[in-house]
Amino acid sequence: MDRTEYDLIVIGGGPAGLAAAAAAYDAGERSILVLERDTRLGGILNQCIHNGFGLHTFQEELTGPEYAQRYIDKLTEREIEYKLDTMVMSLGQNEDGTKTVTAVNETDGLLILRTKALILAMGCRERSRGSLNIPGFRPAGIFSAGTAQRLVNIEGYLPGRRVVILGSGDIGLIMARRMTLEGAKVLVCAELMPYSGGLKRNIVQCLDDFGIPLKLSHTVVRIEGKERVEGVDIAEVGPDRKPIPGTEEHYDCDTLLLSVGLLPENELTIGLGAEMSRVTNGPVVDESLETSVPGVFAAGNVLHVHDLVDYVSEEAAHAGQSAAAYIRAFGNSEAKTKEDVRIPVIFSGGIRYTVPAFIDPGRVSKWLKVRFRVGEVMQNKKIVLYIDGEPAMSKKRRIMAPGEMEELVLTEKLLQEHQDMKTIDIRVEEDM
């Protein structure tokens, strides 16, 4: 490999990385490299063969591979360089403001690359059984829902015949339907929380339409079997999320699928020294989706777990445009730095976090979307934006749930009217 310096390197060739690279190119950047550790571009979408993608972005219903192909085509049409089978090992900062990317692949061996800006788009991974502390042996037949999805949709294997699902995340709900369609019997879907972690539409289309029961406030307390799963015990849990003695139910099954949450893949981010959020497990970013490390941007599930890929693409496009603007100003000592204005977004009323966490009104062009999640199911509420203690906008919500992301759009007009703002506060209040 001859070339080792780029203006922009995007880590991850999934939906976030593809959208970010295309947007940076359209914003005028030409020296771009995308690094992907898999054998093909597209990320997790390659195994999501169900429909429901693209309704916001393309105003039509697509499967995961079809949605990914739209962005892969954008990459190839723009002749953006990318490398597959390439694992990024570490990231570093240089005194001149550039970044070092250390990666490895079979063709080039060890790669030491330099770049002016980085976009982190590494996605997320699933929580494993090891984080759940379920008693029992470690028999065959226990899979994360995403692993089962890959086995069925890409490898062509059926993981089991009688299935219990723990957790009601979207992947688990979708796999309940997929396993049923492939001839397996899904006995029950148990959820520790008193509400589902997935989209309402997935509960209806994947469980209700197939007669699969959803048991809220339940968890697996025992796994039977030494060589292969032979059965599981499910018990009800109290408000403290501890099993209630005497409520156990036994299910004879050969497979347990775990859909118990996603974790952003941020080992590289942490190694770079970026400030992290304890709630999202992703980096803390400003209105440009720039992390606390100048020139390093983040988008997609590596930043916070999304429910719709359309939002991932939109967010990543914003990161790509921001990175292109950073590169244009690179080395300009008169350029405004991000430390000049750093207004924290305060939140209350059950909101768990916001993205971005900080805003500089002067750096926002056209509009800014502030996305967040609530911590519990809420009904008949309103979301109110306060600027310097005065209500600036509100939005009524009949129902909100942790599994569905909320957003407020701060318009250019609103921000121009409050250029000298000192505080931004988002609250969930009763809709009287």
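**A guided look at this predicted model**

Visitor: What is the relative accessible area of R37?
Guide: In this predicted model, R37 is partly exposed. That label is given because residues between the 20% limit for buried and the 50% limit for exposed are called partly exposed. The relative accessible area of R37 is 47%.

Visitor: Which residue meets R37 in a salt bridge of 3.3 Å?
Guide: Look for a pair of side chains that meet at 3.3 Å, N to O; they belong to R37 and E265. R37 is in the loop between β2 (32-35) and α2 (64-77), and its partner is in the loop between β16 (262-264) and α6 (267-272), so the pair ties together parts that are 228 residues apart in sequence. The partner of R37 is E265.

Visitor: Is E265 buried or exposed?
Guide: The relative accessibility of E265 is 15%. A residue is called buried if the value is under 20%. E265 therefore counts as buried.

Visitor: How far apart, N to O, are the side chains of E265 and R125 in their salt bridge?
Guide: R125 is partly exposed, with a relative accessible area of 32%. Its side chain meets that of E265 in a salt bridge at 3.0 Å, N to O. The pair links distant parts of the chain, 140 residues apart, with R125 in strand β7 (residues 124-126) and E265 in the loop between β16 and α6. The distance asked for is 3.0 Å.

Visitor: Which residue meets R397 in a salt bridge?
Guide: R397 is partly exposed at 24% relative accessible area. Its partner is buried, with a relative accessible area of 3%. The two side chains are 2.7 Å apart, N to O, and the partner is E406.

Visitor: Which residues do salt bridges that share partners join into one network?
Guide: A search of the whole structure finds 25 salt bridges. Side chains of opposite charge can pair when their charged atoms come close. Through shared partners, one network joins R37, R125, E265 and E267.

Visitor: Where is T86 found?
Guide: T86 is buried, with a relative accessible area of 2%. Leaving aside neighbours within four places in sequence, its contacts include E36, R37 and L111. A polar atom of the T86 side chain lies 2.9 Å from the backbone oxygen of L84. T86 is found in the loop between β3 (81-83) and β4 (87-93).

Visitor: Which elements give two or more residues to the nonpolar patch?
Guide: The patch, about 460 Å² of nonpolar surface, is made by M87, M89, V104, L110 and I112. The elements giving two or more residues are β4 and β6 (109-120).

Visitor: What is the relative accessible area of I112?
Guide: I112 has its place in strand β6. It is partly exposed, and its relative accessible area is 47%.

Visitor: Which strands stand at the edges, each with a single partner strand?
Guide: Five strands form an open sheet with mixed pairing, in the order β20-β18-β25-β22-β23. Each edge strand has a single partner, so one side of it is left without a neighbour in the sheet. The edge strands are β20 (358-359) and β23 (390-400).

Visitor: Which residue in β25 does V384 stand opposite?
Guide: Strands β22 (residues 378-387) and β25 (residues 424-430) run antiparallel and are joined by seven bridges. Opposite V384 in β25 is R427.

Visitor: Which residue is the bridge partner of I142 in β15?
Guide: Strand β8 (residues 142-144) runs parallel to β15, with three bridges joining them. In β15 (residues 255-258), T255 and L257 point one way and L256 and L258 the other way, and all are buried. The bridge partner of I142 is L256.

Visitor: Which residue in β15 does L166 stand opposite?
Guide: Four bridges join β15 to strand β9 (residues 162-166), and the two run parallel. Opposite L166 in β15 is L258.

Visitor: What is the length of the polar contact that joins the side chains of E249 and K215?
Guide: E249 has its place in strand β14 (residues 249-252) and is partly exposed at 30% relative accessibility. Not counting residues up to four places away in sequence, E249 touches K215, H218, V232, D233 and I234. The polar contact between the side chains of E249 and K215 is 2.5 Å.

Methods
Residues are numbered from 1 along each chain as its sequence is written. This is a predicted model: local features need pLDDT of at least 70, side-chain atom pairs count only at pLDDT 80 or more; totals for chains, interfaces and linings use all residues. Side-chain values use heavy atoms; hydrogens and water are left out. Buried means under 20% relative accessible area, exposed over 50%, partly exposed in between (1.4 Å probe, protein chains only). Contact means heavy atoms within 4.5 Å. A polar contact is a pair of N or O atoms within 3.5 Å; within protein, one must be able to donate a hydrogen and the other to accept it, and residues adjacent in sequence count only if both atoms are side-chain atoms. Patches are made of residues with over 30% relative accessible area and no salt bridge: like charges are joined within 9 Å, nonpolar side chains (Val, Leu, Ile, Met, Phe, Trp, Tyr) within 5 Å. Accessible areas come from the Shrake-Rupley method with a 1.4 Å probe; for residues, only the protein chains shown count as cover. A salt bridge is a side-chain nitrogen of Lys or Arg within 4 Å of a carboxyl oxygen of Asp or Glu. Two strands pair if DSSP finds at least two bridges between them.
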